[in-house]
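Below is a set of questions and answers for someone meeting this structure for the first time. Each answer works towards the value or name asked for.

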Amino acid sequence: MGNFFPRWTNWLPLQIAIAAVMIGAGITVGLTYYFTPKYTKVGYEPTQPVPFSHKLHVGQVGLDCRYCHSHVEVSAHANVPTNQTCYNCHGPDRGQIKKDSEKLAMVRDAEKTGVPIQWTKVHKAPDYVYFNHSVHVNRGVSCQSCHGQVNEMEVVRQAEPQSMSWCLDCHRAPEKNLRPLEQITNLTYKPGDLDRTAFYTKLGFKGKQLEDSVARAEEKYGAKVTQEEVGLQIKDHWRIAPSESCTTCHR
Amino acid sequence: MKRVWHHPEESNSGRRYWRSLGEYSNAPEFAEKVGREFDPALSTMSDDERETSRRDFVKMMGGAAALAGITLTSCRRPLAKIVPFTKHVEWVIPGKSLLYATSMPRPWGASPMVVVTHEGRPTHLQGNPLHPSGAGLDIFAQASILDLYAPERAKHPAYKGKEMPWTEFQTAVNQWVGDWKKDGGTGVALLLNPSSSATRANLLADFAKEYPKAKIYEYEPLHKRGYDAALKALLGDSVKLLPNFTKADIVFSLDCDFIGLDTTSETAVRDFMKRRAPKQKSDAMNRLYILENRYTLTGGISDHRLPITAVEIPVATAVLAEEIGKLVGDPALQKASAALAGGASADLRAWIAPAAKDLVDSKGKALVLAGPRHGEAVQALVLGINNALGSFGATIETLKVDLGYKVADIIELKADIEAKKISHVLVMAESDPAYDSGEFLNSIQKLEASARPTLTHLTDRPKATTKISQWALPQAHYLESWDDVRSADGCYSVVQPMIQPLFNGISANELLLVLLGRKKFAETAKAAPAAAPAAPETDPAAEAVKATFAKIAGGANDEKWNNTLRDGFLPGTSYPAAAVTFNGGDLAGITAKALEYAVPTGGAFEVVLTADASLYDGRYTDNPWLQEAPDPITKLTWDNAAWMSPRTFAALKLTKDGDLIEVKVGGKSLIIPAISAPGHAANSITIPLGYGQSSSSVVGNERGKNAYPLAGANSVFTNSEFILSGASVTKAGGNYELAITQDNYTMEGRAQVREGTKDRFDKDEHFAAHEGLDSHAPPNISLYKGRIGSNDPKRKDYNVDGNGFDYLHEHQWGMVIDLSKCIGCSACVVACQSENNIPIVGKDQVAKGRVMHWIRMDRYFSTPDGLDRNPTLDELDNPEMVSQPVACQQCESAPCETVCPVNATVHTEDGLNAMAYNRCIGTRYCANNCPYTARRFNWFDYNKRNPLITNKVAGIETNNLYAGPLGEKSQVEVTKLQKNPNVTVRMRGVIEKCTYCVQRIESAKITQRSIARDNASQLRIPTDAVKTACQASCPAEAIVFGDLANEKSAVNEWKDNPRNYDVLQYIGTRPRTSYLARIRNVNPLMPDKRNPKTGEASINGF
């Protein structure tokens, strides 16, 4: 009886096992990476019908977010502005800025015909998620925390995964993102730039108590204000207790 | 594992509460259903399903999978668009709802309401709390929003069935008007429903002036000619009587369903029920006596009720008049009633005498009412009684109204048509004269085709009248048009449009303006898609309303106008009081006409035709919410049936609800399914009207049987053609399947209502809290380690383990429902449907027990409990009735939560039992484990697939739901506009249930946080700022909802009421919803044999 199987086949079962494990691991890693919002959503950068540049308008001109997204503090939606908002500056019979630009032809047309421009949605929550902008921006969460450095984006890009676990990360530890109300739309904000005494005064400290707090903070966090310090103080004093119940977002 | 509830054995004493006869007699079929989510008998396959066999299913799924394979290749992120306005729209903030005040025109006046709109589309209606007569809304007003989005609405003007542009109609009008100007409008007839609109009155007056020979006719299908005639004869013209229930201590109703379908004002329910909810024993209550042939909602809340046939009502009225005449010393009244009263039985006299004494003892605070279906004799006697009791000016407000134009009845129109005096009828009524008014159609059909008048029909959808009309014009909904109305007491309200007419319709006022030449249709450029809404100044309909407003407000005043639009009414505009003199001389003459009658017997039945609780007079036939809302008494959906007493039912040898009978009366006959209705008078049949229409929509087409042809067939009394006598009723053989919900979702067969007499309440205020098992069961010791009770040591329910709900920082929601105030009208059921995007499921699915309503309106009958379980016919002759709405009780220790394998239902920190739809995998364990059976399962994509149509799939005719992916998928686009954007539209395979309107709670919390910002002391929302949809809709104000952690909130006050009790408290679920026991104000002198033990024990047997 001849030897049907060459010698190397003795190792075959092991090789198959190793290969199976590696392929399995590969698929798992691949799926978790390529099929989660971290990959599928982050970096989504659709072309808009009018090449509006946030980098120019926010970064250079210095427009506040709320100039265009005017209802963000009262409504669930951070509205995309009406065409009128664009036209007020760019209209030939209004602000006259770049009034003949090719790129703004659609804005001028929309003004004339009344047919609105259809913008492409970048950040999309599923239908069963009821995210509310107003409660976040009114309670110390900056635009930047969810939308990234919009002031540096030529074309708006999704910067964060905005998945459920990402939402919960912040709801469980909001101190990582809280900042003073006047800094909400400041996209270049750094906690270190805050004046410590002013910050504590704003929180309601007075006199001796204020001095003590500032001194204690200096001792604990160093000369510069840190995010941990700002976040924890705000969380405590404003009683920020983000809900983790289902009904917070699903109704 | 299914938790087994160890309910204690029942004993056999006290009173028994039951919802159906099967439940009463503990029939084997019923015993099977007990404690189960679904009736097991129903889960067997129907013929329809059997046909769609497994093999077909596999075939279909194969096809579907192949299709899915094709579409998968294009698996990319879908491109979503954002389309902002080009110009800012005042007040509109995307994502925020806007509320407007307006009013719905009603037969008696108006329903003042607040309209919730989202980005310009109305989605929900609720009562206007600012309005002096603002309470909740009734079921019809609540459901009327769906009519706005009905896909079958008329969309174009049409001439002889051919679509025409409005300009073509204008050409026709120009020609008509040219002719009318020449001959003064000879032969022109306008047919309308009576309206309280002052603008309408002005336009009609102008019309009459412009075309003096044209005639104006008004009619209501369910007319009150008898009442009008009696009123005119005894009190004179231009007088309106309005019962004032706030002042009435004792009310006696003669077949008048003033709480339900015979209502004459929008405040009747609120005012009457307010005085039936004592907070402590010293609180006084009103008292209600009623005589009626069938159970009505008014009968259900009454303190004393006696079923008698409608034919005997005149006799009963005469007896009452005679007794009262004797007691107050009114010989005229005595004399007028003596002859008629002579025919009364001793039993009837014995029942009425103590009630009459009670009325006279409260002279000046007593009120007697008669149903509008009764003729002059009854109405005149009742006016006489009220006069003798000193009710005018006290419990009955006498108001002066002046129409301002001359109006004729539809009977005269019939005569005029037959006399060939009419050449053109313009029908602008909301009802459908060719369907609901036989005389109108007959008079036209009698004429030869060439002599028939031309008809122009302004209608919201194609109806019977449309079929015989030349011109059919689309009518605008009241939410699309300018108008004004006056509520029952005359308070002036403006009806303002919420949205541009969706289908190009015009209102009746606009049609009048067109006919008057004040509005013209011009060619409009079709190109502009975003045409700006017409400014009020340029809209002739708005102009007309403004002109009326200026007249009533005493001059055009922009501030007043704007305030009226904002608040929904103009203060101080009630009708002036009229001084009345009672003309008693005519009384005897009128009653003499009612002397000839025969009491119905087993051979000669009486037939009573009534308004329907879902369709009213038939005008709501195309509204699916109303069609699916169970009748408050019979719990029947999607059909009508002949109601009869169990005694008559047995005598006719009928065995099952739905057995067909043939009713023959006055040469007319009708085959209709019968239904056994406890509490119905014997030898009497009640048939609700409004059904059997041939409609163009799948919703209303051929539902039930049309009883209008019977009207007037053999009525004994003048002007009471809805009461027929001498009918023969026979078994027709065969059974028609009725979809009745009374056995769906039973709660272990144990009634959960508690009630007592006022006497009992006075002796023991807290009787409800320690009644039944709660009287002797030891407190529950729970092994449940979840959160229970409160963390606030000051509260009664302080949890010593320190694991209580956070009452110090969070809101804690709770609800109380007052059974003493609840009338069982089901307005809350529809309000909930509107607010929470609850789909309709269609008749087949209802019959399978799959109705989706989050609120189940239980209707219980109660009888003295004997030793055996076979109800005697005597017991079923006159049981008492109680209604109880049951939704999710939001248990703190919720049995549903512990069994969910995927944590799809869990508790929130503010005490809600939350439901995460996208987590639910549809095991239905929770529904199975809910002792209140408050959970509903989506067996199909009811929201996506129309359950009312059938479909042909691979040659098999099947219901659209069963056709799966091959069926017709999308529900009609336009109905989507009604959906509330703040509530998920659920899909197939998930459980849903009452959420305490969590979207409203979250919205209030978010708004408050946005206001508080960095001020942590302001995080609590203002007291009672959140109202649930059911609460806002309740016309009786029987529901209160609020924050238990806020000491000042109304819900805490109600929970402290001694009548408060929890349903199924002994199983330890700790529900957040509790109920207040019902109190009946019983007169001890009444010979009520039927209820010797009223409210002595309320849970079966304990």
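Q: What percentage of the residues in chain B is buried?
A: This is a predicted model, and a residue counts as buried under 20% relative accessible area. Chain B has 1102 residues, arranged with 33 helices and 43 strands. The buried share of chain B is 62%.

Q: Among contacts in chain B between residues at least 6 apart in sequence, what percentage joins residues at least 24 apart?
A: The count leaves out pairs less than 6 apart in sequence. Of the contacts that remain in chain B, the share joining residues at least 24 apart is 76%.

Q: How much area does chain B expose, and what percentage of it do carbon and sulfur atoms supply?
A: The exposed area of chain B is about 41500 Å². Carbon and sulfur atoms supply a share of that area equal to 53%.

Q: Which residues have the most contacts inside the largest nonpolar core?
A: The largest nonpolar core has 211 residues. Phe252(B), leaving aside neighbours within four places in sequence, is in contact with residues including Tyr289(B), Trp351(B), Leu359(B) and Leu320(B). The residues with the most contacts inside this core are Phe252(B), Leu320(B) and Ile687(B).

Q: Which elements of chain B do the buried residues of α21(B) pack against?
A: Helix α21 of chain B covers residues 558-567. Its buried residues are Trp561(B), Thr564(B), Leu565(B) and Asp567(B). They pack against β3 (97-106), β21 (492-495) and α20 (540-553).

Q: Which residue caps the N-terminal end of α21(B)?
A: At the other end, α21(B) is followed by Gly568(B), with a positive phi near 90°. At the N-terminal end, a side-chain oxygen lies 3.0 Å from the backbone nitrogen of Glu559(B). The residue that supplies this oxygen and caps the helix is Asn557(B).

Q: Is Lys160(B) buried or exposed?
A: Most residues other than glycine have a negative phi. Lys160(B) is not a glycine, yet has a positive phi of about 50°, and is found in the loop between β6 (158-159) and β7 (162-163) of chain B. Because its relative accessible area is 58%, Lys160(B) is exposed.

Q: Is Cys997(B) buried or exposed?
A: Cys997(B) has a positive phi near 50°. Its place is the loop between β39 (991-992) and α31 (998-1012) of chain B. Its relative accessibility is 7%, so Cys997(B) counts as buried.

Q: What is the relative accessible area of Asn960(B)?
A: Asn960(B) is in the loop between β38 (956-959) and β39 of chain B. Not counting residues up to four places away in sequence, Asn960(B) touches Arg945(B), Asn946(B), Ile949(B), Thr950(B), Asn951(B), Gly967(B) and Glu968(B). Asn960(B) is buried, and its relative accessible area is 0%.

Q: Which helix gives the largest share of the nonpolar patch?
A: Chain A carries a nonpolar surface patch of about 790 Å², with Ile23(A), Ile27(A) and Tyr39(A) among its residues. Tyr33(A), also part of the patch, is partly exposed at 45% relative accessibility. Five residues of the patch come from the helix that gives the largest share, α1 (residues 12-34) of chain A.

Q: Why are Asp212(A) and Lys208(A) separated by about one helical turn?
A: The two residues form a salt bridge, with the closest N and O atoms 3.3 Å apart. Asp212(A) is partly exposed at 32% relative accessibility, whereas Lys208(A) is exposed at 58%. An α-helix has 3.6 residues a turn, so residues three or four places apart point the same way. Asp212(A) and Lys208(A) are about one turn apart because in helix α11 (residues 207-221) of chain A their spacing is four residues.

Q: Which helix holds both Lys1005(B) and Glu1002(B)?
A: Lys1005(B) forms a salt bridge with Glu1002(B), the closest N and O atoms being 3.6 Å apart. Both residues are buried. They are three residues apart, about one turn, in helix α31 of chain B.

Q: Which residues are linked in a network of salt bridges?
A: Over all chains, a search finds 58 salt bridges. A network of them links Asp64(A), Arg66(A), Glu73(A) and Arg1013(B).

Terms used:
Residues are numbered from 1 along each chain as its sequence is written. Chains are lettered from A and ligands numbered from 1 in the order in which they are written. This is a predicted model: local features need pLDDT of at least 70, side-chain atom pairs count only at pLDDT 80 or more; totals for chains, interfaces and linings use all residues. Side-chain values use heavy atoms; hydrogens and water are left out. A nonpolar core is a set of buried Ala, Val, Leu, Ile, Met, Phe, Trp, Tyr and Cys residues joined through side-chain atoms within 4.5 Å. Buried means under 20% relative accessible area, exposed over 50%, partly exposed in between (1.4 Å probe, protein chains only). Contact means heavy atoms within 4.5 Å. Helices (H or I, at least four residues) and strands (E, at least two) are DSSP runs, numbered from the N terminus. A polar contact is a pair of N or O atoms within 3.5 Å; within protein, one must be able to donate a hydrogen and the other to accept it, and residues adjacent in sequence count only if both atoms are side-chain atoms. Patches are made of residues with over 30% relative accessible area and no salt bridge: like charges are joined within 9 Å, nonpolar side chains (Val, Leu, Ile, Met, Phe, Trp, Tyr) within 5 Å. Accessible areas come from the Shrake-Rupley method with a 1.4 Å probe; for residues, only the protein chains shown count as cover. A salt bridge is a side-chain nitrogen of Lys or Arg within 4 Å of a carboxyl oxygen of Asp or Glu.
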